[in-house]
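Me: Please take a close look at a single part of this protein. Choose one residue, and set it in the context of the chain and of the elements around it.

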Amino acid sequence: MAEQLADIIDLPTEYVSWHSPAASLWVASTPTAYVGMVDRNHDGFVATDCTGRELGVYATQESARIAVYGAWVAPAADNEEQALIA
């Protein structure tokens with residue numbers, strides 16, 4: 001139970017909002033930070049995190065938004081990314 005409570009306490013507390021500044025583009029932000037974006041292309045919905053790293057192409061806008069939010073809540077450490085590449 002204590003571990004679950006610690007996980008909840010570590011979650012970001014800012015509200016993420018989505019805006020569509022152009023057709024087929026959705027941008028996520030909080031009052032103080034850029035979270036990421038989703039854009040639609042011929043393959044599907046491309047999710048990109050706050051650093052510009054592509055998170056993948058998804059079949060639905062909702063699943064791409066979840067990927068962006070997940071990358072913001074639990075960003076991959078540089079070491080984890082390098083381990084995946086090696």
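Reply: Accessible areas here come from the Shrake-Rupley method with a 1.4 Å probe. The model is predicted. On that basis the protein chain exposes about 6,000 Å², and carbon and sulfur atoms supply 57% of that area. Of the 86 residues in the chain, 24% are buried, where buried means under 20% relative accessible area.

The chain as a whole comes before the chosen residue. Its secondary structure comes to three helices and five strands. Along the sequence the pattern is α-β-β-β-β-β-α-α, so a helix precedes the strands and two helices follow them. Among contacts with a separation of 6 or more, 18% are between residues 24 or more positions apart.

The five strands form an open sheet in the order β1-β2-β3-β4-β5, with antiparallel pairing. Its edges are β1 and β5 (54-58), each of which pairs on one side only. Neighbouring strands of this sheet are turned against each other by 20° on average, direction ignored.

The part chosen for the close look is serine 17, which lies in strand β1 (residues 17-22). The side chain of serine 17 makes a polar contact of 3.1 Å with the side chain of histidine 19. With neighbours within four places in sequence left aside, serine 17 is in contact with Val27, Ala28 and Ser29.

Those contacts lead to the partner strand. Strand β2 covers residues 25-29, and four bridges join β2 to β1 in an antiparallel arrangement. One residue of that pairing is tryptophan 18, whose bridge partner in β2 is alanine 28; Ala28 is also among the contacts of serine 17. The two strands form a hairpin with two residues between them. In that turn, serine 24 has a positive phi of about 65°.

Beyond β2, the sheet continues to β3. Five bridges join β2 to β3, again antiparallel, and the hairpin between these two strands passes through four residues. Across this pairing, tryptophan 26 stands opposite valine 38 in β3.

Next along the sheet, strand β3 (residues 34-41) is joined to strand β4 (residues 44-49) by six bridges, and these strands also run antiparallel. Glycine 36 has aspartate 49 in β4 as its bridge partner.

To return to the chosen residue: serine 17 belongs to β1, an edge strand of the sheet, and its contacts include Val27 and Ser29.

How values were computed. Residues are numbered from 1 along each chain as its sequence is written. This is a predicted model: local features need pLDDT of at least 70, side-chain atom pairs count only at pLDDT 80 or more; totals for chains, interfaces and linings use all residues. Side-chain values use heavy atoms; hydrogens and water are left out. A polar contact is a pair of N or O atoms within 3.5 Å; within protein, one must be able to donate a hydrogen and the other to accept it, and residues adjacent in sequence count only if both atoms are side-chain atoms. Contact means heavy atoms within 4.5 Å. Buried means under 20% relative accessible area, exposed over 50%, partly exposed in between (1.4 Å probe, protein chains only). Two strands pair if DSSP finds at least two bridges between them. Axes are lines fitted to C-alpha atoms, for helices over the stretch in contact, and angles run from 0 to 180 degrees between N-to-C directions.
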